[in-house]
Amino acid sequence: LRNLRLNNNQISVLPEGIFDNLTGLRNLRLNNNQISVLPEGIFDNLTGLRNLELSDNKISVLPEGIFDNLTGLTSLYLDNNQIS
C-alpha cells in the first residue's frame with residue numbers, strides 16, 4: 001500500500017499500532033477528522049512516508065519525537081488544529 005486516504009471521516013481515535021505494518025506507505029491523509037490525540041509512536045514504522053496530512057482536526061499537543069522516524073517526509077500539514 002502506497003496511498004491511504006482516510007480524510008473527511010469522523011475518525012476521533014487512532015489505535016496504537018494501526019499503521020505498524022504499512023511500511024511502504026508514501027502518502028497518508030488524515031485531514032478533516034476529529035482526531036485530538038496522536039499516540040506516541042503512531043508513525044514510527046512509516047519511514048518511507050513522504051506526505052502526511054493532519055489538517056482540520058482537534059490536535060492540541062504533539063508528543064515529543066512524533067515525527068522523528070519520518071526521515072523521508074517532504075510535506076506535513078497541521079493547519080487548522082488546536083496546537084498552541
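A salt bridge is taken here as a side-chain nitrogen of Lys or Arg within 4 Å of a carboxyl oxygen of Asp or Glu. The model is predicted, so local features need pLDDT of at least 70 and side-chain atom pairs count only at pLDDT 80 or more, while totals for chains, interfaces and linings use all residues. Residues are numbered from 1 along each chain as its sequence is written, and side-chain values use heavy atoms, with hydrogens and water left out.

**Exercise 1. Determine how many salt bridges the structure holds, and locate the partners.**

Step 1. By the criterion above, the structure holds one salt bridge.

Step 2. The partners are Arg-29 and Glu-53, whose closest N and O atoms are 3.5 Å apart.

Step 3. Strands are DSSP runs of E with at least two residues, and helices are runs of H or I with at least four, both numbered from the N terminus; on this assignment Arg-29 belongs to strand β2 and Glu-53 to strand β3, so that the pair links distant parts of the chain, 24 residues apart.

Step 4. Arg-29 counts as partly exposed because its relative accessibility is 26%, the classes being buried under 20% relative accessible area, exposed over 50% and partly exposed in between (1.4 Å probe, protein chains only).

**Exercise 2. Find the aromatic pairs, and describe what they link.**

Step 1. Rings of Phe, Tyr and Trp (its six-membered ring) pair if their centres lie within 6.5 Å, and planes under 30 degrees apart count as stacked, over 60 as edge-to-face and the rest as tilted. A search of the whole structure with this rule finds two aromatic pairs.

Step 2. One of them joins Phe-19 and Phe-43, which are stacked with 6.3 Å centre to centre and 15° between the planes. Phe-19 lies in the loop between β1 (3-5) and β2 (27-29), and Phe-43 in the loop between β2 and β3, so this pair ties together parts that are 24 residues apart in sequence.

Step 3. Phe-19 counts as buried because its relative accessibility is 2%, and Phe-43 counts as buried because its value is 0%.

Step 4. Phe-43 also forms a stacked pair with Phe-67, at 6.2 Å centre to centre and 15° between the planes. This contact links distant parts of the chain, with Phe-43 in the loop between β2 and β3 and Phe-67 in the loop between β3 and β4, 24 residues apart.

Step 5. Taken together, the ring pairs link Phe-19, Phe-43 and Phe-67 into a cluster.

**Exercise 3. Identify the residues of the negative surface patch, and place Glu-64.**

Step 1. Patches are made of residues with over 30% relative accessible area and no salt bridge, like charges being joined within 9 Å and nonpolar side chains (Val, Leu, Ile, Met, Phe, Trp, Tyr) within 5 Å.

Step 2. Glu-16, Asp-20, Glu-40, Asp-44, Glu-64 and Asp-68 gather in such a patch of negative charge on the surface.

Step 3. Glu-64 is found in the loop between β3 (51-53) and β4 (75-77), and Glu-64 counts as exposed because its relative accessibility is 83%.

**Exercise 4. Examine the backbone of Asn-8 and Asn-80.**

Step 1. Asn-8, a residue other than glycine, has a positive phi near 60°; its place is in the loop between β1 and β2, and a relative accessible area of 53% makes Asn-8 exposed.

Step 2. Asn-80, although not a glycine, has a positive phi of about 60°; its place is in the segment after β4, and Asn-80 counts as exposed at 53% relative accessibility.

Terms used: Areas by Shrake-Rupley, 256 points an atom, 1.4 Å probe, with all protein chains shown as cover. Lys, Arg positive; Asp, Glu negative; His and termini not counted. Charge placed at Lys NZ, Arg CZ, Asp CG, Glu CD.
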